[in-house]
Amino acid sequence: MSSLSIALIGPGLVGTEVLGQIAAHGGAGLRVVAVASSRRVAVAGAGDDGALGLFAAADDALDALTAAAQRHRPCVVVDCTASGDVAARYPAWLALGLHVVTPNKKPFAGPRLLFDAIRSAARAANVSALHEASVGAGLPILSTLSDLVDTGDSIVKIEGILSGTLSYIFNNFSSTSTAANQTPLSFSAIVNEARQNGYTEPDPRDDLNGMDVARKVVILARVAGLNLSLEDLPIENTVPEPLRAIPSADEFMVRLPDFDAHFAALNDAARARGKVLRCVGVVDPVNPSASGVKLAEYDASHPFASLKGSDNIIAFTTKRFPNPLIVQGAGAGAAVTAFGVFSDILKIKRQVEYASRLHPNTHP
């Protein structure tokens, strides 16, 4: 059995969970040869049985990790950061014959030049750059979309609730199941509850402004073959305009109740029409100007209306699937994000094993 080495960057919440899942898997055919943070690194010794060394300071932790990865090819660099600087290294790693796996959205939703450079470098070196967890954590969203595109299906529309945070907020705020004699919670109370439970970013405006969803829309659009960038998208910012420039998150939370009536009016208007409010991302290849992020109303019978908790849901409408193909489930959290990362690692491991059988004296 061929082995695959792993060089992981970012041993934080997700990175530690990835390492834990690899260990729980038993590690058959997998070996961690380097772990790096921004300034510290641990690398394995020479040979197949070299143990991972101590986590120590380094002049350039990523250079040290790269050197270890090259010594232990075939190797996959696993980027569990949200760093644009780390993402900028992907083309160079791929050109060295190193695979890349990441949940980092920035390299795939950022400048088109970087996205194209990653794709070109991977093709030229015959290695993989996989990022299933960049949209929907562990849900099979990008793999499903890639399968639809690769088999020649025509994408008519992609629409989804792509933020676990916004899913939780609007599922609890706008529901058709609230009893007639039950007073619904205010918008600010639900945002505060989500923040206290750790569902939001430290500043909830980083969720409510729609940018996280917008990045995922761009990734979906590019995987679908569209030349779309963030600056092309209309993005509905649900943060009330007077609160956008407030310096601190705590002050924002103090002021948010002043706008509860605004959100209640939107919700009441939707309920009067038998609908609920949901923050969605849309990719529309037929009418690209309709792509974007928006707060939309959905009938009570729509699958988006019955979503619970912080689940994500995405609907692919295609020529073959005029009734949308729907993927739904937990779309946030360290465990499911790490699952998405680990599943990509195992895909590469299978590629390495297959290539080894075909060409036993070469490393992919």
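Which residue in S11 is the bridge partner of Ile-155? Keep that question in mind as you look around this predicted model; the answer comes in the section on strand S11.

## The seven-stranded sheet

A good place to begin is the open sheet built from 7 strands. Reading across, the order is S4-S3-S2-S1-S5-S6-S7, with mixed pairing. Strand S4 (56-57) and strand S7 (129-130) are the edge strands, each pairing on one side only.

Within this sheet, strand S1 (residues 4-9) and strand S2 (residues 30-36) run parallel and are joined by 6 bridges. To find one pairing by eye, start at Ile-6, whose bridge partner in S2 is Val-32.

## Helices against the sheet

Two helices are worth finding next. Helix H2 (residues 61-71) packs on the sheet, where it touches S1, S2, strand S3 (40-43) and strand S5 (75-79). The direction of H2 makes about 15° with that of S3.

Helix H14 (residues 334-358) lies across S1, S2, S5, strand S6 (99-101) and S7. Relative to S6, H14 runs at about 160°.

## Strand S11 and its partners

Now for the opening question: Ile-155 has Thr-318 as its bridge partner in S11. Strand S8 (residues 155-161) pairs with S11 in the antiparallel sense, over 6 bridges.

S11 also runs antiparallel to strand S12 (residues 325-330), and 6 bridges join the two. One of these pairings links Asn-312 with Gly-329 in S12. A hairpin of 6 residues leads from S11 to S12.

Is strand S11 enclosed or open? In strand S11 (residues 311-318), 7 of the 8 residues are buried, so the strand is largely enclosed by the rest of the structure.

Conventions
Residues are numbered from 1 along each chain as its sequence is written. This is a predicted model: local features need pLDDT of at least 70, side-chain atom pairs count only at pLDDT 80 or more; totals for chains, interfaces and linings use all residues. Side-chain values use heavy atoms; hydrogens and water are left out. Two strands pair if DSSP finds at least two bridges between them. Helices (H or I, at least four residues) and strands (E, at least two) are DSSP runs, numbered from the N terminus. Contact means heavy atoms within 4.5 Å. Axes are lines fitted to C-alpha atoms, for helices over the stretch in contact, and angles run from 0 to 180 degrees between N-to-C directions. Buried means under 20% relative accessible area, exposed over 50%, partly exposed in between (1.4 Å probe, protein chains only).
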